[in-house]
Amino acid sequence: MSQLAEQRYLNVAELVLSARRLAVHRPELCSLRQVGTSRAGRPLHLLSVGHSRRAVLVVAGAHANEPTGGSTLLHLAEWALRDEHLRADTSWHFLLCADPDGANLHRTPSPRTLFDYHRHFFRPAGPEQPEWSPSVLPPDRLPPETRALTGVIDELRPYLQVSLHGTDLGGSWVQLTRDIPGLAEPFAKSAAELHIPVETGASDAAGWPVSGPGVHVLPGPGSAAAYPSLPEDARHTTWHHAHRYGGLTAIVEVPMWASDLVDDPAVHPAPELALRGFARRLLHDARLVEDILSEALPRLPEAQGPLLRAARWALDLVPGLADDWARMPPAGTSMAYIGSVDAFGRRLPLRAAAMLLRVLDTAGDRAAPRLERLVRHWSDTFAERFKARWVPVEHQVEHQSRTTVAAARHARVRGD
C-alpha cells in the first residue's frame, strides 16, 4: 500500500500526482489522460493499466464526503501493476475523481471525531451528483461530470464498473446492479479479517434481494421503492449505463467509523414503533435547522451557493421521508435494519446543519455559535449511540480493494 494511503486520505491533487508518477514509471503499461472537465473547469482524469479490450472501470469520488475511494483507487492501480495475473487478460481503468468540484469543498484529511468530519462537510444536492443526476434530471440537463463518466463507459464497455463509496459510521456492504455469484464469501472474509462489521440491513438497499450477508442486488423495474418520497431512483443512475454493453456495476461501501450494532440479524421487538419515533425525531431536528436558516437567511450575502443548495436539498427530503417511516410497513425488521434507519435519520439533519454552519461561518453570522453547538452535540450523540470505533484508513482501503478484485474475478466467471 502506498505510504500516503496508510496515513490519511488522499486529495485530488495528490491522486493526480501519484497517478502521473505511475504513468511515467511504467509507460509500457500505464497511461493518464483527461476525459472531461467539471462545471468549474477542473479536469477529470482517467488512469489506465494494461491494454486488454476486456475492461474493469473503477470510479472514485462520486460523493465528495466519502474520501476512502481515492486512496483505494491508487492502491488498486499499484496492485494491477505488480500482479501480472490481475491484468493478464483485463485492463484496469480508474476515474480518479468523478466530482472534483465537490472534492474541493469537502475536506477530510484525517478526522479525529465525527465532529471533525462534519466541520468541513459537503455533499452536493442530488442534481449535482454525477452518478445520481440522471435519476432526477432530463438528459439535456445532465452535468458535464455525468457526461464524462458515461462517455468513459461508452468507450471502454467494461464488463464490470466498481463505484467506491463509503459511510461515515456503520458497516460495509455491497450493492450490485446484477448478482455476482460467489462474491459474498470473499467480501465477508475480508471484513472479518479487518474487524469491519458487515451492514446486513443497510437502509440504502432497503427491500432489495440479498445475494449474501451485506450483498444486495438492485430490484427490477417493476418493484416498488422502499421510500417512495425520495426523488432519486438507483435504477436510473449511471450505474446502469454499463448494462447496455452487457456489464454490471458493484458499489462497495466501507465505513470510516465502525459500529457493531449494524450487523445484528435478530428481529427488532417493535420495528413500527421505532420507525415512528425516528420520524418524529427527524422532523424535530430538521425544524431546528430550518429555524436557524430562516432567521439567518436575510443576513446572508450569498443565498445560492453549493453549500446552501445542498443543505436545502437535504432538508426538503425530510417531510416525505418522515411520512414514509410513520405510515408504511418497515422494509426490514432486523435490529441491523432498524439501526441503519436510525443512523440515516440522524445523518440527514446533521449534514444539513453542518453545511449551513460553513455558510454562517463564512458570513460571520451571529447564529453560527448556536448552530456549531448543535452540530457538535449531534455528532457526539451519533457516535455514542452507535459505539463508534475508528477503522484505520489502511483497513478501509484494503477491504475496498479486496472486494473490488473479488468482484472482478467473480464477474469475469459470470460473463464467460
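Trainee: Which residues does leucine 360 touch, not counting residues up to four places away in sequence?

Mentor: This is a predicted model, in which local features need pLDDT of at least 70 and side-chain atom pairs count only at pLDDT 80 or more, while totals for chains, interfaces and linings use all residues. Residues are numbered from 1 along each chain as its sequence is written, and side-chain values use heavy atoms, with hydrogens and water left out. Taking contact as heavy atoms within 4.5 Å, and setting aside residues up to four places away in sequence, leucine 360 touches Ile292, Ala296, Leu300, Asp365, Ala367, Ala368 and Leu371.

Trainee: Which element gives the largest share of the largest nonpolar core?

Mentor: A nonpolar core is a set of buried Ala, Val, Leu, Ile, Met, Phe, Trp, Tyr and Cys residues joined through side-chain atoms within 4.5 Å, where buried means under 20% relative accessible area with a 1.4 Å probe, protein chains only. The largest such core has 60 residues, and Leu360 and Leu371 are among those with the most contacts inside it. Helices here are DSSP runs of H or I, at least four residues, numbered from the N terminus. The largest share of this core, 15 residues, comes from α10.

Trainee: How many of the 29 residues of α10 are buried?

Mentor: Helix α10 covers residues 335–363, and its expected span, 1.5 Å times one less than its number of residues, is 42 Å, which agrees with the 43 Å between its end C-alpha atoms. The helix is largely enclosed by the rest of the structure, because the number of its residues that are buried is 25 of the 29.

Trainee: What phi does glycine 364 take?

Mentor: Glycine 364 comes just after α10. The phi of glycine 364 is positive, at about 65 degrees.

Trainee: Which element gives the most to the lining of the largest pocket?

Mentor: On a 1 Å grid over the protein atoms alone, a pocket is an open set of points where a 1.4 Å probe fits, with protein on both sides within 12 Å along at least five of seven lines, and lining residues have an atom within 4 Å of a point. The largest pocket holds about 1,000 Å³ of space, and of its 46 lining residues, Trp132, Asp204, Leu230, Glu232 and Phe344 lie nearest its centre. With 6 residues, the element that gives the most to this lining is α10.

Trainee: How many residues of the second largest pocket's lining does α2 give?

Mentor: The second largest pocket has about 500 Å³ of space. Of its 27 lining residues, the closest to its centre are Leu10, Asn11, Val12, Ala103 and His106. Helix α2 gives the most to this lining, and its number of residues there is 5.

How values were computed. Helix = DSSP H or I, 4+ residues; strand = E, 2+ residues; numbered from the N terminus. Buried < 20%, exposed > 50% of the residue type's maximum accessible area, 1.4 Å probe, protein only. Points joined across faces, edges and corners; volume = space filled by probe spheres on them.
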